[in-house]
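Trainee: Could you take me through one part of this model up close, and then work outward from there? I'd like to know what sits at the surface and what is tucked away.

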Amino acid sequence: MLRHATTKARRTPVVLDFLAPTAFGYRLGSSKVQPRPSVTKPSKRHDTQRLAEFPVSVHAQNPAILCQNIKQRISLLSQPGAAAVSDPDINFFDEKVVELRLALKAGDIARVGELWSQLEDRKLLRLLGRELRGFSERAAQLCFRDNSGPWDADERKVIEGIAIAAACEGAVNALTTCMIRHIKRGNSQAALHLYRRFLAHSSYQTASEPLPSSTQEDIEDANGLALNFLDDQLSHQPNFSLVLAAIAAYALEDSFEGALKIMLENPVRINQSAQKEFMASFDDFSFRAKVQSYVHRVDIARLISRHHSLSTHIANLSSNQDLSQIQNLYRAIIEGLNDPEPYLAVRDSQKSSQRPVVIQEINWAAFLTGFLRCHRRDLAENLWNDMLKYGVQPSVITWTALLDGFDSMGEADAASTSWDNMVSQGIRPGILTYRAVISTLFNARRPDDAIEKFAIFKREIANGSLPDTEDALPVYNTVLHGLLNNGRPGDADALLQNLRQKGPKPDIVSYNTFLRHHGRRGEFRAVSVLLERLREDGLTGDAFTFSSVLSALLKVGRTDAIDIILSLMKRQNVEPNVAVFSAIIDQQLRESSEQGLRTAMELLQKMETNPDAQPNDVTYTGVLASLHRQVWPNTALAEECRRYVLKRMKERNIRSNRVTYHILIKACLENSEPEGLKGALGYYREMANRKIPMNYDTWYILLHGLISREEWAVADEMVEDLLRYIKPVGALESLVGRIQRRTKYNTHHSSREE
């Protein structure tokens, strides 16, 4: 157990029996969209004279149809390959699409099939483009028009053809509905056959632009600002409902192995609202429960298969002290090993078609660090014992994670003892292991012990036990940071000079460490020397560099500080674009000082007058979030700046979307003052007044923030509002339970200089 790791080891060999979001944290946020294959877009330059020559349909007398006809022609010219279509084909396409739309509306499937075949014969289906979304929705309505008897073969062929074509363009309503119809009739093979046909068509499909989502908010969620605590984000891929339908089909066959294979071949995240809507299609509650069990387990397998994403996800959860989600995820993994039909493996030798996913040691290590960062050594103990129970011997990866965990807890004694136990087990520390223990000792204000470990590290490098490569530079940077923070700038400067002469060559992180240290103290002479060294070493500054120099200039009273920075950037061939400006503004706001705030606003105004660096929604949202998140010494100035930003956004027609509101609400709730709560509720009401849909992300951010503030009365009201719209499940349900039990988060923070 953990106590053994922090107790001096005896001379005799020690056998360690201790420690050295849903699926499962449903990260309810806007997610990353998996990139579509890049394609070369055809030229969109069209002959406007040719457009004027196109006659409107002589058969369309209804004004509404004529209007739609004209819109169709305009849309047609933006479709890939339109320039290669002859005039007669364009006229034919135009008329048939109008007829096709009317036939679908009338439910005349025979006529729909006839028109569809005519377009297909003349190879004009590719021009439908965005129109396919509407066709998919109408075709979906026809799937269940008559459920009393068998599905007419001809009608089925027509609807399934439209469904697959539309699904290949991202409009999956009809195909999902067709698959559900087959599943409800007990024909799982028909549903899976449709899914395979879709995969075959989509894999051979030539370049096409993704269809827009049915709501602009979905697009913004996918491509907007990502919340920093939501890593493994919800996927807005158009085919997640198809994966869900395929899993349901395999559930009908009692084939979890088949469902698992489907998910691993197409690892999309199935969000809670999509799953709930899908399950409502089935009246059999036992079947619903079975499908939900399948989805739960295959989603765990999906998450485990993405080793680095899972580790990042756990790190984000632990940074927010979200212990319950980490525990839920860990329990689900252990269940995946202990199930009567286990689907996870702990070593490659166990891997099979039934257990295709191996839990890597990097993931055990991530959970270990996560538990320790949440100050739960008992859970870390249990994890270590689980590793041994399943035959996983902790290697240097796990020991390094242990030391990182102790670093976050500020437990230098435990780290030192664990180091000794690790060495006594014959495990050789790696570069990152040295970095972890040295960081722990420096942060605990034990610089002599840290320097002693650093001396051992250098001897290991010298004798070849560790590789003398650039990979070792993070250790040196950690030492530079530790020496400066522990009041030993002379030693830090000597080490930097040694690195410049003998290597490994310092990087921009090395110099930024010094620039931040001297910049905060207004030691501009030292900053100037560092900038010259940086230039001599052939390095180019980044946003952190320029922000640190800017702070130093301001501290020595240079009123032309911003102009100097812009000149410095120009000399280093750094283009002061939107990204660079925004990053420097962010760094200035992080100073939490009146001077930093004034400088940030001056930079923002310079951006507004620079045609090559116009601020965008990201810039303005970042400034607003910083204004809300922090307690400013001059509250009147901060409020004036907030009003200015909102005014400029309005003048530039930049409107907040759902993702923007999420960022701003989260920032407000992180401000411990009453104004923080007031601001968050103000944005919540603004969302409601603008009728912006509130999804699981919205409620999660609100409830999570209110729990952190222990605003129980407000949280109760928010839960009442939530229950009017959705039924909470997964992580959101856990938050509701926490509010009802009045269970606050167990937060701990170690004090150290950044």
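Mentor: Let's start with K691. K691 is exposed, because its relative accessible area is 71%, and the cut-off for exposed is over 50%. Bear in mind that this is a predicted model. K691 sits in the loop between α34 (674–689) and α35 (696–709). Its backbone is worth a look too: phi of K691 is near 60 degrees, a positive value in a residue that isn't glycine.

N573 makes a good companion to K691. Phi of N573 is also near 60 degrees, again positive in a residue other than glycine. You'll find N573 in the loop between α28 (561–571) and α29 (578–590). With a relative accessible area of 73%, N573 counts as exposed.

One more loop has a backbone feature to check. G503 and P504 are joined by a cis peptide bond, with omega at about -5 degrees. P504 belongs to the loop between α24 (489–502) and α25 (508–520).

Loops also take part in salt bridges. R428 and E460 pair through their side chains, with N to O at 3.0 Å. R428 lies in the loop between α20 (412–424) and α21 (431–443), while E460 is in helix α22 (residues 447–462), so this pair ties together parts that are 32 residues apart in sequence. The two partners differ in cover: R428 is exposed at 51% relative accessible area, whereas E460 is buried at 14%.

Helix α22 has another partner of this kind. The side chains of R488 and D448 meet in a salt bridge at 2.8 Å, N to O. R488 comes from the loop between α23 (473–485) and α24, and D448 from helix α22, so here the parts tied together are 40 residues apart in sequence. For accessibility, R488 counts as partly exposed at 23%, and D448 as exposed at 52%.

For a pair inside one helix, go to R302 and D299. Their salt bridge has its closest N and O atoms 2.6 Å apart. Why are R302 and D299 about one helical turn apart? The two are three residues apart in helix α14 (residues 285–305), which puts about one helical turn between them. The general rule is that an α-helix has 3.6 residues a turn, so residues three or four places apart point the same way. Both R302 and D299 are buried. There is also a bigger arrangement than a pair: E608, K647, R648 and E651 are linked in a network of salt bridges. Over the whole structure, a search turns up 29 salt bridges.

Now for the inside. The largest nonpolar core has 216 residues, and L344, W364 and F457 touch the most other members. Helix α11 (residues 240–252) gives the most to this core, with 11 residues. If you zoom in on F457 and leave out residues up to four places away in sequence, it touches I431, Y434, L466, A472, V475 and Y476.

Helix α16 is a nice one to inspect for cover. Of its 16 residues, 12 are buried, so call it mostly covered. Among the buried ones are L323, Q325, Y330, I334 and L337. Its length works out as well: at 1.5 Å a residue, the 16 residues (323–338) should span 22 Å, and the end C-alpha atoms are 22 Å apart, which agrees.

What about cysteines? A search of the whole structure finds zero disulfides. C374 is buried, with a relative accessible area of 1%. C668 also counts as buried, at 1% relative accessibility.

Finally, step back to the whole chain. It has 37 helices and two strands. Of its 754 residues, 52% count as buried. The accessible surface comes to about 35,100 Å², and carbon and sulfur atoms account for 50% of that. So if you want two views to keep side by side, take exposed K691 out in its loop, since its relative accessible area is 71%, and F457, one of the residues touching the most other members of the largest nonpolar core.

Methods. Residues numbered from 1 in each chain as written. Predicted model: local features only at pLDDT ≥ 70, side-chain atom pairs only at ≥ 80, totals over all residues. Heavy atoms only, no water. Disulfide = S-S within 2.5 Å. Buried < 20%, exposed > 50% of the residue type's maximum accessible area, 1.4 Å probe, protein only. Helix = DSSP H or I, 4+ residues; strand = E, 2+ residues; numbered from the N terminus. Expected span 1.5 Å × (residues − 1). Areas by Shrake-Rupley, 256 points an atom, 1.4 Å probe, with all protein chains shown as cover. Salt bridge = Lys/Arg side-chain N within 4 Å of Asp/Glu carboxyl O. Core = buried A, V, L, I, M, F, W, Y, C linked by side-chain atoms within 4.5 Å. Contact = heavy atoms within 4.5 Å.
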